[in-house]
Amino acid sequence: MDFYLGIDFGTSGVRGVVINHEACTQAEIKHPWADGAVTNLADSWHGALFRLLTQIPEKLRREIKGIAINGTSSTVLLCDAAGQPVDAPLLYNDGRGSVVLPQLKSLAPRQSNVLSATSSLVKLLWMVQQPSFSKARYFLHQADWLGFLLHGYLGISDYHNALKLGYDVEELKYPQWLEKLELPIQLPRVLPPGTPIAKLRPEIATQFHFPDDCLVYAGTTDSIAAFLASGAKSPGEAVTSLGSTLAVKLLSRTRVEDARYGIYSHRWGNLWLAGGASNTGGAVLKQFFSDAELERLSSEIDITRASELDYYPLLQPGDRFPINDPALPPRLTPRPESSVEFLHGLLESIARIEANGYKLLQKMGADKLTRVYTAGGGAVNSTWSGIRERHLKVSVMSSVHREAAYGTALLAMRGTDFFN
């Protein structure tokens, strides 16, 4: 029997799902990130990838025919000619590149998604100015580099990851305005997600007992992988990923883009995935509550009553969507004496941000919202789902499969046919 492996490098850890040719899950593996600062982020990713492979039962590894990887959008790094990182990667929410935005605004279209303090292109322009850049040959996204570790070919990306680098996903090429930047580095060759790139490196196939003909496919981003897994398929259906952060994706017949609000659209065959990502989400909740406390306190909340608390829950200043402001301050006061009331206010406020995001997408021309699937850890909180349903005014349900790794496994199984 043929099996397929999807790997999800998310904000809370790395997960893997193995499915069979009927898309039935055969194994689930996860490796959470360690608490505290990591001295070498790229080494951490490398180690997690190969530890994950060892956790897959050998009898399944021997029959895996395809592998695909997703990574967090706009998490990027520079590599030398051998694929070795020349400096620390920059994470999806790193906004230090905002200093180069004035330079980019003079060239990029006014509504381009690259005009954000955290876009891949802004990060690259910032990196160009650093001493380590002289050693760099390739600019890669997280999923690109992890894929390289498996197949051995540098300088390859997919058009989901490359969107925030400025790649034109409608014309399927780098635009002329980007070429005018004359960037002194090789930009990735961009493939459709699900395109077979190459066979697994022979030494890896031998070491981990994979078949010699196991293929590695062009990947995607974590939030799109969650959409792949959800079961959503019709215009108007949407997926909210409630993990450490909040990401929304609405399937639409119309492409909508507006950098002022952090709105962008990914290509989905002949349709578009319109959406955005906020820095609010589960990571803020876990700053104040343990998992056990979240479960206990949530059960005490009356979801029929709206909280009067108006927060903007962030771990640090800055958000990307629906307010695109790298200096936006967190708002977490006043804090009531009751922990139940405090949690109610946080859940209500995150739901409000989510609802405002979908309203903005529709205002910009996306299809009318009809249903919301929920992925990520927040999907299991029925209290939160009830609050969100009150704000969204449509049915809210858990995704058919909540793990983004499952969606990535489907990508490895179906390839580019997934989007047709």
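**Exercise 1. Find the residue just after α13 that has a positive phi, then work out how covered α13 is.**

Step 1: Gly415, sitting just after α13, takes a positive phi of about 65°. Helices here are DSSP runs of H or I with at least four residues, strands are E runs of at least two, and both are numbered from the N terminus. Before going on, note that this is a predicted model, where local features need pLDDT of at least 70, side-chain atom pairs count only at pLDDT 80 or more, and totals for chains, interfaces and linings use all residues. Residues are numbered from 1 along each chain as its sequence is written, and side-chain values use heavy atoms, with hydrogens and water left out.

Step 2: Now look at α13 itself, which is mostly covered, with nine of its 11 residues buried (under 20% relative accessible area, 1.4 Å probe, protein chains only). Among them are Tyr406, Thr408, Leu410 and Leu411.

**Exercise 2. Describe the second largest pocket and its lining.**

Step 1: Start with the term: on a 1 Å grid over the protein atoms alone, a pocket is an open set of points with protein on both sides within 12 Å along at least five of seven lines, while a cavity is a set where a 1.4 Å probe fits but cannot get out; lining residues have an atom within 4 Å of a point.

Step 2: The volume is about 300 Å³, counted as the space filled by probe spheres set on the points, which are joined across faces, edges and corners.

Step 3: There are 19 lining residues, and Ala232, Lys233, Trp268, Arg414 and Phe418 lie nearest the centre. Helices α8 (222–230) and α13 (404–414) each chip in at least two.

Step 4: Sort the lining by class and you get 12 nonpolar, five polar and two charged residues. Nonpolar covers Ala, Val, Leu, Ile, Met, Phe, Trp, Tyr, Cys and Pro; charged covers Asp, Glu, Lys and Arg; the others, Gly among them, are polar.

**Exercise 3. Work out how α10 packs on α11.**

Step 1: α10 (residues 291–298) and α11 (residues 339–363) pack at about 95°, with axes 10 Å apart. Axes are lines fitted to C-alpha atoms over the stretch in contact, and angles run from 0 to 180 degrees between N-to-C directions.

Step 2: So α10 is roughly perpendicular (65 to 115 degrees) to α11.

Step 3: For the contact (heavy atoms within 4.5 Å), Leu294, Leu297 and Ser298 of α10 meet Ser339, Val340, Leu343 and Leu347 of α11. Those residues split into five nonpolar, two polar and no charged.

Technical notes. Angles under 35 degrees count as roughly parallel, over 145 as roughly antiparallel, 65 to 115 as roughly perpendicular and the rest as oblique. Buried means under 20% relative accessible area, exposed over 50%, partly exposed in between (1.4 Å probe, protein chains only).
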